[in-house]
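This report looks at open space on a protein model and then at the charged pairs within that model. The sequence and structure are shown first, and the description follows.

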Amino acid sequence: MHLLAMNRSLSVDPWLALKRFTPARIAMGRAGGSLRTVNLLDFRLAHARARDAVHAAFHADAIRGQLNEAGLDFAEVNSPVTGKQDYLLHPERGRVLTEESTAFLASKAQEWGERDIVVVISDGLSAIAAESHAVAVAKGLHRELGETFSFYPVVIVPYGRVKIADAISDVLGARMAIILLGERPGLGAKDSLSAYFTYKARNCSVDSDRNCVSNIRPGGMPVPWAVRKLSVLMRESFRIERSGTALKDRLTLDDLQRALPLADDEGKLR
């Protein structure tokens, strides 16, 4: 009896109690030296969904409709990328504008005049993320910062990489550029959005000049928290006239929860 109880105790996965705290693949058990069939099939399904997210088409018309509904002006430009395969195989092509788009923005720069912030929206590696969350973040930034800082019309650019915001900001002469685009999908998150902002973004800007807030999605960093975190960081960036490694992020999740308490699925504050 004692040995039977011991065997039962040893068969319980010590990680099992932690599953309720994370969607990560832990406490999956095993069949001999292999994954259980149900876990293997779940892994393959998640991998297929991630691949589908990377290859999904970007519906710019959906972004346009959301921006119209939000009352935000916008303009559209292009990189030299000809399609998804070109985008994946030649990352450098997603970092620059076409000559026509550069000329278009140069003409618009004279019309719009000098402003503080240009928000750029692109599909990145997950069009689903951009279509699901980007406009909500853009709208939130206008709400949080609009009384203090001036905004250019939102710039939509399909097949854009992070650095294309530098090219857009360089032509316009913006004081700050922020690009909202889909992250590389993980095996549990196909709709994760990232926001990269750079003070005085120019063609010569490098990665160390930027700050990033990532994992923006309902199951990660909720949009209201992301907007508040970005607005705090961007205000500080304008104050010190720097971004990137010179700008320290001291805003914790507890700070955000105290400022913007979120409700769980049962309507209780968490």
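## Pockets and salt bridges

In this predicted model, the largest pocket has a volume of about 330 Å³. Its lining is made up of 15 residues, and among these L125, R161, V162, L181 and Y196 are the ones that lie nearest the centre of the pocket. Two elements, the strands β4 (176-182) and β5 (193-199), are those that give two or more residues to this lining. Sorted by class, the residues lining the largest pocket comprise 7 charged, 5 nonpolar and 3 polar.

The second largest pocket has a volume of about 160 Å³. R20, F21, T22 and P23 line this second pocket together with R217 and G219, and the classes are represented by 2 charged, 2 polar and 2 nonpolar residues.

Turning to charged pairs, the structure holds 12 salt bridges. Three of these are set out below, each with the distance between the closest N and O atoms.

| Salt bridge | Closest N and O atoms |
|---|---|
| D166 with K163 | 3.0 Å |
| D207 with R210 | 3.5 Å |
| R258 with D255 | 2.5 Å |

How do the partners in these pairs stand with respect to the surface, buried or exposed? In the pair of D166 and K163, D166 counts as buried because its relative accessibility is 0%, below the 20% cut-off, whereas K163, at 24% relative accessibility, counts as partly exposed. In the pair of D207 and R210, D207 is exposed, since its relative accessible area of 64% is over the 50% cut-off, while R210 counts as buried at 10% relative accessibility.

The pair of R258 and D255 belongs to a single element, for both residues lie in helix α9 (residues 253-259), where they are 3 residues apart, or about one turn of the helix. R258 is exposed, with a relative accessible area of 60%, and D255 is partly exposed, with a relative accessible area of 25%.

Which residues are joined into one network by salt bridges that share partners? The network consists of K163, D166, D207 and R210. Within this network, D166 is a buried residue at 0% relative accessibility, and D207 is an exposed one at 64%.

Conventions
Residues numbered from 1 in each chain as written. Predicted model: local features only at pLDDT ≥ 70, side-chain atom pairs only at ≥ 80, totals over all residues. Heavy atoms only, no water. 1 Å grid on protein atoms, 1.4 Å probe; cavity = no way out; pocket = protein on both sides within 12 Å on 5 of 7 lines; lining within 4 Å. Points joined across faces, edges and corners; volume = space filled by probe spheres on them. Helix = DSSP H or I, 4+ residues; strand = E, 2+ residues; numbered from the N terminus. Nonpolar A, V, L, I, M, F, W, Y, C, P; charged D, E, K, R; others polar. Salt bridge = Lys/Arg side-chain N within 4 Å of Asp/Glu carboxyl O. Buried < 20%, exposed > 50% of the residue type's maximum accessible area, 1.4 Å probe, protein only.
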